[in-house]
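The report below looks at charged pairs, at a few individual positions and at the nonpolar interior of one chain. Please keep the sequence and the structure in view while reading.

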Amino acid sequence: MLPSENRLRRRQDFATAVKRGRRAGRPLLVVHLSREDDPRQGQADRTSDIRPHVAEGTPSARAGFVVSKAVGPAVVRNLVKRRLRHLVRDRLSRLPAGSLIVVRALPPAASASYQDLERDLDAALKRLLRAEPTAAAPTGAGR
């Protein structure tokens, strides 16, 4: 289960992550990542879209999931959502504070194994985090 403070619930939050964030597509899913400190977002957008949901202190990363009927019947969609929630929960600590992440499952995710979803999620996050212009230390192993 994903803790309450780490969940996206409002339509506006989903829209912020999808419209203003970066996107990485994989065969099984598409990941949208919007960062609070992203210079491409306006100052008003950052404070109004992300900060109101955060208690005092450093804002935590929040995640939302989109699994449409194209993925399959309700049983399959719920299975895919549970798998994705579990995978994202273990990776939230790697995301920058205040991040919004939306994971959209594509129809092939219905027949994918847990390991396949994990592989695609990790590849998408690696691409999104590597592409972010930050002055932070490298997050992965050296080449």
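Asp116 is partly exposed in this predicted model, its relative accessible area being 27%. The side chain of Asp116 forms a salt bridge with Arg119, with 3.1 Å between the closest N and O atoms. Both residues belong to helix H4, where they stand three residues apart, so about one helical turn separates them. Arg119 is likewise classed as partly exposed, at 48% relative accessibility, and it forms a further salt bridge with Asp120, for which the closest N and O atoms are 3.7 Å apart. Asp120, by contrast, counts as buried, because its relative accessibility of 0% falls under the 20% limit. Through shared partners, salt bridges join Arg26, Asp116, Arg119 and Asp120 into one network.

Nine salt bridges are present in the structure, and three of them are set out below.

| Acidic residue | Basic residue | N to O distance |
|---|---|---|
| Asp116 | Arg119 | 3.1 Å |
| Asp120 | Arg119 | 3.7 Å |
| Asp122 | Arg94 | 3.7 Å |

Which parts of the chain does the pair of Asp122 and Arg94 tie together? Asp122 lies in helix H4 (residues 114–131), whereas Arg94 sits in the loop between helix H3 (74–91) and strand E4 (100–105), so the salt bridge connects parts that are 28 residues apart in sequence. Both partners are partly exposed, Asp122 with a relative accessible area of 24% and Arg94 with a relative accessibility of 47%.

The loop between H3 and E4 also holds Ser99, and this residue is buried, with a relative accessible area of 0%. When neighbours within four places in sequence are left aside, Ser99 is in contact with Leu33, Ser34 and Arg35, and also with Ser60, Ala61 and Arg62.

Another pairing of positions distant in sequence involves Arg22, which lies in strand E1 (residues 22–25) and is partly exposed at 27% relative accessibility. Although Arg22 and Leu128 are 106 residues apart along the chain, their C-alpha atoms are separated by 6.9 Å.

Turning to the interior, the largest nonpolar core has 28 residues, and those with the most contacts inside this core are Val31, Leu84, Leu95, Ile101, Val103 and Leu117. Two or more residues are given to this core by each of the strands E2 (29–34), E3 (62–66) and E4, and by each of the helices H3 and H4. The largest share, six residues, comes from H4. For Leu117, the contacts beyond four places in sequence are with Leu28, Leu29, Arg83, Leu84, Leu87, Ala109 and Ala112. A second core, separate from this one, has five residues, among them Leu8, Phe14, Ala17 and Leu100.

Helix H4 thus recurs in this account: Asp116 and Arg119 pair within it, Asp122 links it to the loop between H3 and E4, and the largest nonpolar core draws its largest share of residues from it.

Definitions and conventions. Residues numbered from 1 in each chain as written. Predicted model: local features only at pLDDT ≥ 70, side-chain atom pairs only at ≥ 80, totals over all residues. Heavy atoms only, no water. Salt bridge = Lys/Arg side-chain N within 4 Å of Asp/Glu carboxyl O. Helix = DSSP H or I, 4+ residues; strand = E, 2+ residues; numbered from the N terminus. Buried < 20%, exposed > 50% of the residue type's maximum accessible area, 1.4 Å probe, protein only. Contact = heavy atoms within 4.5 Å. Core = buried A, V, L, I, M, F, W, Y, C linked by side-chain atoms within 4.5 Å.
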